[in-house]
Every structure is written in structure tokens, then in C-alpha cells.
Amino acid sequence: MKSVTDRHGEYMLKKQEIYNMFQSRIVTGSFTKKDQTKRKFWGILKNETRDNEDLITVYDFRINNYRRFRLNTGSIILKSGSKFFKYN
């Protein structure tokens, strides 16, 4: 069983991996919310300083607004060109 500290470190590494892979690129993707509903988006990732280690912010062009998703809840799929990322 992983400790809370280990999980935070894991999320931080995943978050950094995601930002490194998709920085300044338009991304399509989906994520599962806490209530198990799925959200799709098309936009650009924003590295917000206020986000915790397990949060990622994306500006969704379809709704002209921000969405935030957690690395510790549900599944995440991101795609941009030939780059693909799936977590959980």
C-alpha cells in the first residue's frame, strides 16, 4: 500500500509528464469526475500555480471556459497529433 506522500509524488510526476508532453499544444481528451460522469474537452492545458499536485487545468474551447480534473479520480485520456496519454 502506498503512503499519502508516495501518492502525492506519483501525481506530481504524472502531472509534470502530462505538461511536458502537451505543453503549448491543442489537446482533445476526456476525464471522469468524482460522480463518475465523463467530460470531453478540446483545448489547451494551463499550468495554474494554484493547482494542487493532483489537479490539471484545461481551457476548453468548446465551452469557452476552464475545466479542472484530478489525477486521483477516474480515468484520463489526452491526445494531440501523434501524442497519446492514458491514466487509470
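**View A. Phe41 counts as buried, at 1% relative accessibility.** Before you zoom in further, keep in mind that this is a predicted model. By the rule used here, the count of aromatic pairs comes to seven. Phe31 and Phe41 make one of them: their ring centres are 6.0 Å apart and their planes meet at 45 degrees, so the pair is called tilted. Phe31 belongs to strand S1 and Phe41 to strand S2, so this pair ties together parts that are ten residues apart in sequence. And is Phe31 buried or exposed? Phe31 is buried, with a relative accessible area of 4%.

**View B. Here the rings of Tyr59 and Tyr66 form an edge-to-face pair.** The centres of these two rings are 4.9 Å apart. Their planes stand at 75 degrees, and planes over 60 degrees apart count as edge-to-face, so that is the label this pair gets. Tyr66 is partly exposed, with a relative accessible area of 45%. Now pull in the neighbours: Trp42, Tyr59, Phe61 and Tyr66 form one aromatic cluster.

**View C. Six strands line up in an open sheet.** Read across the sheet and you get the order S4-S3-S2-S1-S5-S6, with the strands pairing antiparallel. Which strands stand at the edges? They are S4 (65-70) and S6 (83-87); each has a single partner strand, so one side of each is left without a neighbour in the sheet. The sheet isn't flat like a sheet of paper, either: ignoring direction, neighbouring strands are turned by 35 degrees against each other on average. As a general rule to carry along, side chains in a regular strand alternate between the two faces of the sheet.

**View D. Strands S3 and S4 run antiparallel, joined by six bridges.** Strand S3 covers residues 55-60. Look for Asp60, whose bridge partner in S4 is Asn65. Asp60 also has a side-chain link to follow: Asp60 and Arg67 meet in a salt bridge, at 2.9 Å from N to O. Are these two residues buried or exposed? Both Arg67 and Asp60 are buried.

**View E. Two arginines of strand S4 reach the loop between S2 and S3.** In general, side chains of opposite charge can pair when their charged atoms come close. The count of salt bridges in this model comes to four. One of them joins Arg68 and Asp51, whose closest N and O atoms are 2.4 Å apart. This pair links distant parts of the chain, with Arg68 in strand S4 and Asp51 in the loop between strand S2 (38-46) and S3, 17 residues apart. Arg68 is partly exposed, at a relative accessible area of 38%, whereas Asp51 counts as buried at 9%.

Another salt bridge brings the side chains of Arg70 and Asp54 together, at 3.1 Å from N to O. Arg70 lies in strand S4 and Asp54 in the loop between S2 and S3, so here the pair ties together parts 16 residues apart in sequence. At 29% relative accessibility, Arg70 counts as partly exposed, while Asp54, at 7%, counts as buried.

**View F. Ser30 sits in strand S1 and is buried.** The strand around Ser30 covers residues 26-32. Why does Ser30 get the label "buried"? Its relative accessible area is 10%, and anything under 20% counts as buried. Which residues does Ser30 touch, leaving aside its neighbours within four places in sequence? They are Lys38, Arg39, Lys40, Phe41, Ser75, Ile76 and Ile77.

**View G. Strands S5 and S6 make a hairpin with two residues between them.** S5 (residues 76-80) and S6 run antiparallel, joined by five bridges. Ile76 stands opposite Tyr87 in S6. In this hairpin, Gly81 takes a positive phi near 60 degrees.

**View H. Ser24 and Gln36 both have a positive phi without being glycine.** Most residues other than glycine have a negative phi. For Ser24, phi is about 65 degrees. You'll find Ser24 in the loop between helix H1 (4-22) and S1, where Ser24 is exposed, with a relative accessible area of 65%. For Gln36, phi is near 75 degrees. Gln36 has its place in the loop between S1 and S2, and at 58% relative accessibility Gln36 counts as exposed.

Notes: Residues are numbered from 1 along each chain as its sequence is written. This is a predicted model: local features need pLDDT of at least 70, side-chain atom pairs count only at pLDDT 80 or more; totals for chains, interfaces and linings use all residues. Side-chain values use heavy atoms; hydrogens and water are left out. Two strands pair if DSSP finds at least two bridges between them. Helices (H or I, at least four residues) and strands (E, at least two) are DSSP runs, numbered from the N terminus. Axes are lines fitted to C-alpha atoms, for helices over the stretch in contact, and angles run from 0 to 180 degrees between N-to-C directions. Buried means under 20% relative accessible area, exposed over 50%, partly exposed in between (1.4 Å probe, protein chains only). Contact means heavy atoms within 4.5 Å. Rings of Phe, Tyr and Trp (its six-membered ring) pair if their centres lie within 6.5 Å; planes under 30 degrees apart count as stacked, over 60 as edge-to-face and the rest as tilted.
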